[in-house]
Amino acid sequence: MDIFYLLAAQTRHFTMPWWIGAILVGLVFLIAHLYCVTRKYHCPKCGNTFRVKWYAFSTWYHTEDRRVAKCPHCKRKGFCKYD
């Protein structure tokens with residue numbers, strides 16, 4: 001057997017139609033959006049319950065059950081626990 005044939009056989013790439021990749025990426029964004037809009041956070045200072053914007057949800061610090069968020073009522077920015 002030729003060594004180049006063996007090397008070429010090991011470096012084959014997986015190919016798929018572009019639209020399948022687009023559907024998969026869209027599903028990931030849809031699931032992330034649904035997760036974001038269903039979460040309600042509770043401000044420890046004023047007791048207000050609110051939702052955060054998608055860009056704040058994806059960029060601010062968070063732990064397992066808390067996220068840094070800004071309360072729209074009292075303007076406190078800090079860790080808020082989700083309900």
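This passage goes through the fold, the core, the cysteines, the surface and one loop of a predicted model. Because the model is predicted, local features need pLDDT of at least 70 and side-chain atom pairs count only at pLDDT 80 or more, while totals for chains, interfaces and linings use all residues. Residues are numbered from 1 along each chain as its sequence is written, and side-chain values use heavy atoms, with hydrogens and water left out.

Starting with the overall layout, the protein chain has 3 helices and 4 strands, where helices (H or I, at least four residues) and strands (E, at least two) are DSSP runs numbered from the N terminus. Read from that end, the elements go α-α-β-β-α-β-β. The chain has 83 residues, and 18% of them are buried; here buried means under 20% relative accessible area, exposed over 50%, and partly exposed in between (1.4 Å probe, protein chains only). About 7,100 Å² of the protein chain is exposed, with carbon and sulfur atoms supplying 65% of that area; accessible areas come from the Shrake-Rupley method with a 1.4 Å probe, and for residues only the protein chains shown count as cover. As for contacts (heavy atoms within 4.5 Å), those between residues 24 or more positions apart come to 32% of the contacts with a separation of 6 or more.

Next comes the inside. The largest nonpolar core holds 9 residues: Cys36, Tyr41, Cys43, Phe50, Val52, Phe57, Ala69, Cys71 and Cys80. Such a core is a set of buried Ala, Val, Leu, Ile, Met, Phe, Trp, Tyr and Cys residues joined through side-chain atoms within 4.5 Å. In soluble globular proteins, nonpolar side chains tend to be buried together. Leaving out residues up to four places away in sequence, Cys36 touches Val52, Lys53, Trp54 and Phe57, and two of these, Val52 and Phe57, are also on the core list.

With cysteines in that core, what does a disulfide search of the whole structure find? It turns up 0 disulfides, a disulfide being a pair of cysteine sulfur atoms within 2.5 Å. Cys43 is buried at 1% relative accessibility, but its sulfur makes no such bond because the closest cysteine sulfur, in Cys74, is 3.7 Å away, which is too far. Cys80 is likewise buried, with a relative accessible area of 0%, and its sulfur lies 5.2 Å from the closest cysteine sulfur, that of Cys43, so this pair is too far apart for a bond as well.

Arg67 is a charged residue on the inside. It sits in strand E3 (residues 66–70) and counts as buried at 8% relative accessibility. Beyond its neighbours up to four places away in sequence, Arg67 touches Tyr41, Phe57, Trp60, Tyr61, His62, Gly78, Phe79 and Cys80. Among these, Tyr41, Phe57 and Cys80 belong to the largest nonpolar core.

On the outside, a nonpolar surface patch of about 940 Å² is made by Met16, Trp18, Trp19, Ile23, Leu24, Leu27, Leu30, Leu34 and Val37. Patches are made of residues with over 30% relative accessible area and no salt bridge, with like charges joined within 9 Å and nonpolar side chains (Val, Leu, Ile, Met, Phe, Trp, Tyr) within 5 Å; a salt bridge is a side-chain nitrogen of Lys or Arg within 4 Å of a carboxyl oxygen of Asp or Glu. Ile23, one of the patch residues, is in helix H2 (residues 18–38) and is partly exposed, with a relative accessible area of 47%.

The last stop is the loop between E3 and E4, which holds Cys71, Pro72 and Lys75. Cys71 is buried at 1%, and apart from neighbours within four places it contacts Cys43, Cys46, Asn48, Phe50 and Arg76. Its C-alpha lies 8.8 Å from that of Tyr41, 30 residues away in sequence. Pro72, in contrast, is partly exposed at 47%; with the same neighbours set aside, it contacts Asn48 and Phe50. Lys75 is exposed at 54% and has a phi near 65°, a positive value in a residue other than glycine. Most residues other than glycine have a negative phi. After the loop, Lys77 lies in strand E4 (residues 77–82) and is exposed, at 57%. Lys77 touches Trp60, Val68, Ala69 and Lys70, not counting residues up to four places away.
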